[in-house]
Structure formats: C-alpha cells, structure tokens
Amino acid sequence: MPVSLTLDCSGRRLRLDRPRIMGVLNVTPDSFSDGGRFLEPEAAVAHARAMVEAGADIIDVGGESTRPGSEPVPFEEELRRVIPVLTALRAALPVPLSIDTSKPEVMRAAVAAGAGLINDVNGLRAPGALAAAADSAAAICVMHMRGTPRSMQREPRYDDVLREVCGFLAERASALRGLGVPADRIVLDPGFGFGKTLEHNVALFRGLAELVSLGYPVLVGVSRKSMLGAILGDRPVEGRVTASAVAAALAAGYGARIVRVHDVAATADALAVQRALGRTVGPPTTGEG
Ligand code: 9MG
C-alpha cells in the first residue's frame, strides 16, 4: 500500500517527502536523560526554539516519564505540566506540536491547546483513548509497548517479535480507520525499548521495512536508549549521541519517515548525509509531496 507523503496535523500538513525530526521536550522531573530541566515554560520554550533552529520539524511534549520502572502520574498533574508549555510553544514556534500521552483527558486538552499530533506509547489501549484520538483532527502516532513502563522490562518474551508488533500496529490502524480516521493522520511506531530485549530491538530494527510495508509512515525512537548503550558496551547515556544519530540515519534508510530524538543538530547532519549518500527502501508514496 502506498504511504501518504503528508501528515495531517489538525489541518496543518507536514510533508514527509524526507525524514522529519521530532525533538523531545520532557516536562517531567524524572525522565531518563533530561528529567527536571524544562519544567518551567520559559526554559521549555528556549530549548524547543533551539531544537527548531537546529532542524526539528515537530516538538514532542511529554508530562509523564515513560522510562522503564517509572510510576504513572494522575492526569491532573500531567495537565498541569504540559498545558502551559503547549500554550507558550504554540505562540512562540512555527512547527507542529505533539503531545506524548496515553490519557484521553490529556489528549483532548492538549489538542485544544494546540497539539497537532497525539503520540501514545500505550497504543491507544487506555479506556477512551481510541475515541479521544479519533474524534480529534490531530495526527496519531500509535506505538507498540508490551505491558506498562513500570513492568515492561520484566523478562519480555515473544515467539516472533516482528510479526507480533506488526500485527498489533496493523490492528490499531484498522481500528482507527474503522472510526473514520484517514490514513494521512496515522503513524506507526514499533516502540524500541518498550518491553523488548536487545535481541528483540535488533530484530525489529532490521525488520523495519516490513513495518513500512503496512503503508503508514513509521516513526522510530531510539535516541540515547539503553539498546545503544548495550551495543556500545554499557555506554552511559551522555556518551550515546553519535550512536543515536547513526541509528536515526539507518532508520531513515529502512524507510522511517520520522525520527524522535534528543540531539537534533547531530541527527540533522546524519540525515543529510544519509539522503545524499544512502539508499532508502520502502513502498511507493502517494499524496502531495
Ligand atoms: C515518549 N517516547 C519515548 N520513547 C518513544 C518512542 O520510541 N516512540 C514514541 N512514539 N514515543 C516515545
């Protein structure tokens, strides 16, 4: 099935004719690599602005950590963290904003505050999440996760990780289509590190072309993650910038259309080199390019 070349983010069209960069903005006290740094709207806007100047095409705002072992926060607290930041970002920046949440209450309020993309690591499995996302006009990134952030890394097991992840995401996409969501509002994400061992992550990464062949744009998030630390011999998070940029370029070569990253400038360079020198696999594309 052809992949749409644009993503409809509440009426604003993001071109996907080349891989796009989603910059991470964690408004949390406890995220794994930047927790506590951008809690105030002024600090959040300054960081987001720097990411846009470095080449970010989307800013992903999250008010609840999803790192392994993290505890959920009540939706009221999540709203308190993200809504002032989204409101300030909307006034300050020209790029689409994304809300990283699994809660329908937060999805609705964030879209009303200007988010054009809903990024749900829980794959719209929470009661009411599928309807909240479908009823909005926002683009929706559906991610695969086994379990919850609290439990997901407790001995994850699959018979065939690529088949199971693709099957789950295909089913979620069909559920959205059944509720009237057009293909150009849907993005799929295999969820690297979410209930997966290094072996599972490697199998998924090398099999990205199969996920791309489902016909929806694919988002890849491996930035600074422990799978890269493990590949580099238990390298701590501060030493994973180069590996993150290389992995983003490799993902683009396998057909990913959006990469979610912390280190935007390094990623922009890596993607430029990939575009100039690399090959991209994937299905035919359609739509305005
Ligand atoms: C919030 N978040 C953390 N990691 C992520 C990933 O890999 N993909 C998406 N969509 N969101 C993520």
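Start at the ligand shell of this predicted model. Its residues divide into five nonpolar, three polar and four charged.

Select the shell itself: Thr66, Asp100, Asn119, Val121, Cys141, Met143, Asp189, Phe194, Leu219, Gly221, Lys225 and Arg260. Show them as sticks around the ligand.

Next, pick Lys225. A polar atom of the Lys225 side chain lies 2.7 Å from an oxygen atom of the ligand. Go to Gly221. Here the backbone supplies the contact: one of its N or O atoms lies 3.1 Å from a ligand oxygen atom. Then select Arg260. An N or O atom in the Arg260 side chain is 3.4 Å from a nitrogen atom of the ligand. Now switch on the ligand surface. Taken alone, the ligand exposes 300 Å², and the protein buries 96% of that.

Keep Asp100 selected and add Val61. Asp100 is one of the shell residues, and Val61 touches Asp100. Leaving aside residues up to four places away in sequence, Val61 also touches Leu25, Val27, Val82, Val85, Leu86, Leu89, Ser98 and Ile99.

From Val61, move on to the largest nonpolar core, which has 72 residues. Color Leu25, Ile59, Val61, Leu89, Leu124, Leu176 and Val220; these have the most contacts inside that core. Then select helix H5, residues 161-178. Helix H5 gives the most to this core, with nine residues.

One last stop: a second, separate core of twelve residues. Select Leu14, Met22, Val187 and Ile258, which are among its members. As background, nonpolar side chains in soluble globular proteins tend to be buried together.

Note on methods: Residues numbered from 1 in each chain as written. Predicted model: local features only at pLDDT ≥ 70, side-chain atom pairs only at ≥ 80, totals over all residues. Heavy atoms only, no water. Core = buried A, V, L, I, M, F, W, Y, C linked by side-chain atoms within 4.5 Å. Buried < 20%, exposed > 50% of the residue type's maximum accessible area, 1.4 Å probe, protein only. Helix = DSSP H or I, 4+ residues; strand = E, 2+ residues; numbered from the N terminus. Contact = heavy atoms within 4.5 Å. Near = heavy atom within 4 Å. Polar contact = N/O pair within 3.5 Å; in protein donor to acceptor, adjacent residues only side chain to side chain. Areas by Shrake-Rupley, 256 points an atom, 1.4 Å probe, with all protein chains shown as cover. Nonpolar A, V, L, I, M, F, W, Y, C, P; charged D, E, K, R; others polar.
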